[in-house]
Amino acid sequence: MKKILIYTAIFILSCIMVFGILYKKVSKLEYTPVQPQYDLDIEKVVIGQGDVLALTFSKTKLSRQDYSEILSELKKNVNINRCMPGDFYEIVYSPENGQWTHFWYYPSGAEFCSIKKSSEGVVFSEKKSLSTATEIFRASGTIDSSLWESMSSAGTPADIILLFADIFAWQMDFLTDTRKGDAFKVIYEIEQITKKNTRLSSNILAAQYTSGSKVYNAFLYKKSNGESGYFDEEGKSVKSAFLKAPLQFRRISSHFTTSRKHPILKYARPHLGIDYAAPSGTPVSTIGDGVVTKSQYSGGFGNYVEVKHANGYVSSYGHLLKYGRGIKRGVRVKQGQVIGYVGSTGLSTGPHLDFRIKKDGKFFNYLTMKQPPVTTLKGEEKKEFLQYADKLLEEFGEKE
């Protein structure tokens, strides 16, 4: 009987202790203060055409003293006299006292100016970078009338279309070589500034153009030396030593021949070049890197430019309307640089470019020239590239 009384007493005491502990915990939970939640009070002002930044502050809740504080700091990071339409700023106000605490100014680009006011009233500023996001896109289609129209119909941005044409400029002239039924495929990336939802940059990762039985591929690859370029499926640069043509022409009015009746002189003589018919004023570009050896009026060729290239090649451009800016003897030019404009100077019946090329002093037919690539990947670099290209070819449906 005593044992039963003792066990009963112990059980009652245990229950009292457990209840006491639970009571304390519940009491603490019930009386824990909850922090109030506030929504941020943010004003946004977009700079309009003709706006003066300082005057736009009148649209906000800032006081004149606030204007002065913010402008003083902003000038350390931004030229406030060069604010552009579309730039904007945001002001954050304290929900407790209504005073501004943060000011963020967003010009064009990926940087913005952050100005902060501490609880002690100290104002300081710094430049920061906005977060960006990169998205991969794919497009494909067939040519109906033009590359531009077909790629636009597939939702491809204008700058990507232009880059696509530039990549294959050494293999195709999209004004004259495209045929109905040709096909294109492209994988490209666009980097956007998330805060502004505006594009920061864009680039093509892989491109393919099919014309008849010929398939052209180009893959963006960064070499071990840090240089990037486009290479075909065999690791050869798609960029050739020379452009396919020195201008965007309407038609070839006269081909390379050893005997042609001259349209003005009316007797047969060799025509050791190609006449490209094009409207007067059409830009003419050098086909490759080199040095200008002549830039002068030259008899029947009229206004004439001659460029010396590597490996014994020399190209010439005749009947020009005028010369490109800065084009004179001794000037070094880059492939694609404008050296003049189509004209009809000298012995000419109409606006066209007389283009000629020779190697080691001997003229040859440029249209039959096999274009060598600028570079070819080798060794481990080529092995790594081929693995990379195979994956992209799989996306094009070229590999199983």
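**Notebook: a protein chain and one of its sheets**

I began with the surface: the protein chain exposes about 23,800 Å², and carbon and sulfur atoms supply 53% of that area. I note here that the model is predicted.

I then looked up burial. Of the 400 residues in the protein chain, 38% are buried.

Next I checked the contacts with a separation of 6 or more. In the protein chain, 60% of them join residues 24 or more positions apart.

I looked up the secondary structure and found 6 helices and 22 strands in the protein chain.

I turned to one open sheet. It has 5 strands in the order β6-β7-β8-β9-β10, and their pairing is antiparallel. At the edges I found β6 (132-142) and β10 (228-231), each of which pairs on one side only. I also noted the turn between neighbouring strands of this sheet, which is 20° on average with direction ignored.

I followed one pair of strands further. Strand β7 (residues 183-193) pairs with β6 over 11 bridges, in the antiparallel sense. Within this pair I located threonine 134, which stands opposite glutamate 191 in β7.

Last, I asked myself which strands helix α5 touches where it packs on the sheet. I found that helix α5 (residues 158-167) touches β7, β8 (198-211), β9 (214-222) and β10. The direction of α5 makes about 45° with that of β8.

Helix α6 (residues 379-395) packs on the sheet as well, and I listed its contacts as β6, β7, β8, β9 and β10. For its direction I wrote down an angle of about 125° with that of β9.

Notes. Residues numbered from 1 in each chain as written. Predicted model: local features only at pLDDT ≥ 70, side-chain atom pairs only at ≥ 80, totals over all residues. Heavy atoms only, no water. Helix = DSSP H or I, 4+ residues; strand = E, 2+ residues; numbered from the N terminus. Buried < 20%, exposed > 50% of the residue type's maximum accessible area, 1.4 Å probe, protein only. Contact = heavy atoms within 4.5 Å. Areas by Shrake-Rupley, 256 points an atom, 1.4 Å probe, with all protein chains shown as cover. Pairing = 2+ DSSP bridges. Axes fitted to C-alpha atoms, helices over the stretch in contact; angles between N-to-C directions.
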